[in-house]
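Let's take a walk through a protein together. Have a look at the picture below, and then we'll start from one spot and work outwards.

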Amino acid sequence: MNTDITASTKPEYPVIDRNPAFTKTVGNFNTLDYLRLITISGIRPNIRGPSMVTGGMIGILGGFMYACQNSVGRLVSFFPNEDEVAQYKKKIQV
């Protein structure tokens, strides 16, 4: 069974980087990614002590992973990436 998605389908959007590094992924976060990170990591006011810290850390990590997933998806062309294509074309031309 072939599980390589590049072998079976062509990307819908222009590919910026097939294998982006972690720093490039985090550097590619946009405002919506940061908003998702903060929203997912919301802390409930009725939880106290260690439970609050644990819940907060789980929320922050979950939000960060969700933001990374979206950033990588735009870089490898699984999600719409018009802004990133324009940004990286500008960097290449300069």
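Start with Thr25: leaving aside residues up to four places away in sequence, Thr25 touches Pro20, Cys68, Ser71, Val72 and Leu75. You'll find Thr25 in helix H2. Is Thr25 buried or exposed? Its relative accessible area is 4%, and since anything under 20% counts as buried, Thr25 is buried.

Now zoom out to the whole chain. The protein has 94 residues, and 26% of them count as buried. As for the outside, the protein exposes about 7,100 Å², with carbon and sulfur atoms supplying 62% of that area.

What is the chain built from? There are 5 helices and 0 strands, so reading from the N terminus on, the elements simply go α-α-α-α-α. And how do parts of the chain meet? Take the contacts with a separation of 6 or more: 75% of them come from residues 24 or more positions apart.

One thing to keep in mind is that you're looking at a predicted model. How much confidence comes with it? The mean pLDDT of the protein is 78, and 79% of its residues reach 70 or more. Confidence is highest in helix H2 (residues 22-27), at a mean of 87, and that is the helix where we found Thr25. At the other end of the scale sits helix H1 (residues 5-8), where confidence is lowest, at a mean of 56. Where pLDDT is low, the predicted coordinates shouldn't be read in detail.

Note on methods. Residues are numbered from 1 along each chain as its sequence is written. This is a predicted model: local features need pLDDT of at least 70, side-chain atom pairs count only at pLDDT 80 or more; totals for chains, interfaces and linings use all residues. Side-chain values use heavy atoms; hydrogens and water are left out. pLDDT is the predictor's confidence in each residue, from 0 to 100. Helices (H or I, at least four residues) and strands (E, at least two) are DSSP runs, numbered from the N terminus. Buried means under 20% relative accessible area, exposed over 50%, partly exposed in between (1.4 Å probe, protein chains only). Contact means heavy atoms within 4.5 Å. Accessible areas come from the Shrake-Rupley method with a 1.4 Å probe; for residues, only the protein chains shown count as cover.
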